Amino acid sequence: TTLFRSINSLISQIYRYLCLKHNYIIFIMEERNRTLGEFIIEHQNSFQYSTGELSRIINSIRLAAKVVNYKVNKAGLVDIVGAAGEQNIQGEDQQKLDVYANEVFIQTLINREIVCGIASEENDDFITVAGSDNSHNNKYVVLMDPLDGSSNIDVNVSVGTIFSVFRRITPVGTPVTIEDFLQPGVNQVAAGYVIYGTSTMLVYTTGHGVNGFTLNPAIGTFYLSHPDMKYSEDGKIYSINEGNYVHFPQGVKDYIKYCQLEEGDRPYTSRYIGSLVSDFHRNMIKGGIYLYPTSSKAPNGKLRLLYECNPMAFIAEQAGGKASDGYKRIMEIQPTELHQRVPFFCGSKNMVEKAEEFMAKAK
Ligand code: AHG
Ligand code: MN
Ligand code: MN
């Protein structure tokens, strides 16, 4: 047996050496890892209502993400960088890629006839999807931020797409109404984001943990690279646009000073990309907190409850983290408007709780 073990170990060492030398290792990893397509099929039965519709929605998002990824990667080469010349309902300049990503995601979902309605950051009102037979028979609505952090495109910094999926509450067979979109985050059946970064990833949850898939751009396939993603309970990164410091509520100012204090494992590191998806993704992997509080300039904060905060909150909680508006759980807020803004405190559980403590104290 000893001889057999030594031969075996020698063979595997030669094999590893050859793999590394010839770059086969990547190929082998991918052979071992499941693809997103395989993962979706395997997990279809764990959905509460497993009609396959939700799987088809995730599949469509996967497809649209690849199309947008292709375009984002070429930004700078083709005439796609810069402003589209119009503003969205929130008075922000729409970037050309914002408009492009919006169209790709909407058309992909509409063409596959799997949703009954779509709401997007880039559209003033929600879109009713009747289906080709005009039956309004589909059961899910999708809410999305097609391109998050879009001001970063021109400077070649990571951007993302955020999505949130709900079951409609109005009866099947009728056109969707605003009520289908104004549901609290606790009703979400799926949520996720795509990060177009140094590599492109799709990260999502259907309420059974969070899984991350990395795109191999050469063959256009997402592979499960980050199974069961988890926030550490504590972290050392705080992410906030400190340029707004003087306008922040006292609780946030106090928390920032706490983060900077020389004590125990502090001072924490400050990291802020200005692209929610990227800041969130880094903090989930490394442990940290993201804050976009109210300020005297933005009395309700900046981020949108329905297609930015709710989906990120669902992912955060599924990864063992927390998301609040400084006082209460994001996912329990009853929305009143499609483009409603809320303050957002999200990340490692103990860090969010600490920030909430400062908020409560300063109230
Ligand atoms: P969007 O590009 O979809 O409008 O979102 C930008 C958001 C978010 O991604 C980011 O965290 C935040 O705006 C940055 O805002 P500030 O520049 O005010 O820090
Ligand atoms: Mn955004
Ligand atoms: Mn956006």
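Biologist: Which residues make the nonpolar surface patch of about 400 Å²?
Modeller: Leu 10, Ile 14, Tyr 17 and Leu 18 make that patch in this predicted model. To count, patch residues need over 30% relative accessible area (Shrake-Rupley, 1.4 Å probe, only the protein chains shown as cover) and no salt bridge (Lys or Arg side-chain nitrogen within 4 Å of an Asp or Glu carboxyl oxygen), with nonpolar side chains (Val, Leu, Ile, Met, Phe, Trp, Tyr) joined within 5 Å and like charges within 9 Å.

Biologist: Where is Tyr 17 found?
Modeller: Tyr 17 is in helix H1, residues 2-21 (helices are DSSP runs of H or I, at least four residues; strands are E, at least two; both numbered from the N terminus).

Biologist: Switching to metals, what are the protein donors of the manganese ion (ligand 2)?
Modeller: Asp 145 (OD), Asp 148 (OD) and Glu 308 (OE), lying 1.9 to 2.2 Å from the ion (donors are N, O and S atoms within 2.8 Å of the metal, 3.2 Å for Na, K and Ca; with no water among the atoms, sites may look incomplete). Their sequence spacing is D-x2-D-x159-E.

Biologist: And what does Asp 145 bridge?
Modeller: Ligand 2 and another manganese ion, ligand 3, which lie 3.7 Å apart.

Biologist: Why does the Asp 145 and Glu 308 pair tie together parts that are 163 residues apart?
Modeller: Because Asp 145 lies in strand S5 (residues 140-148), whereas Glu 308 lies in helix H9 (residues 305-318).

Biologist: Are those two buried or exposed?
Modeller: Both Asp 145 and Glu 308 are buried (under 20% relative accessible area; over 50% is exposed, in between partly exposed; 1.4 Å probe, protein chains only).

Biologist: Any ground rules?
Modeller: Residues are numbered from 1 along each chain as written, with chains lettered from A and ligands numbered from 1 in written order. For this predicted model, local features need pLDDT of at least 70, side-chain atom pairs 80 or more, while totals for chains, interfaces and linings use all residues; side-chain values use heavy atoms, without hydrogens and water.
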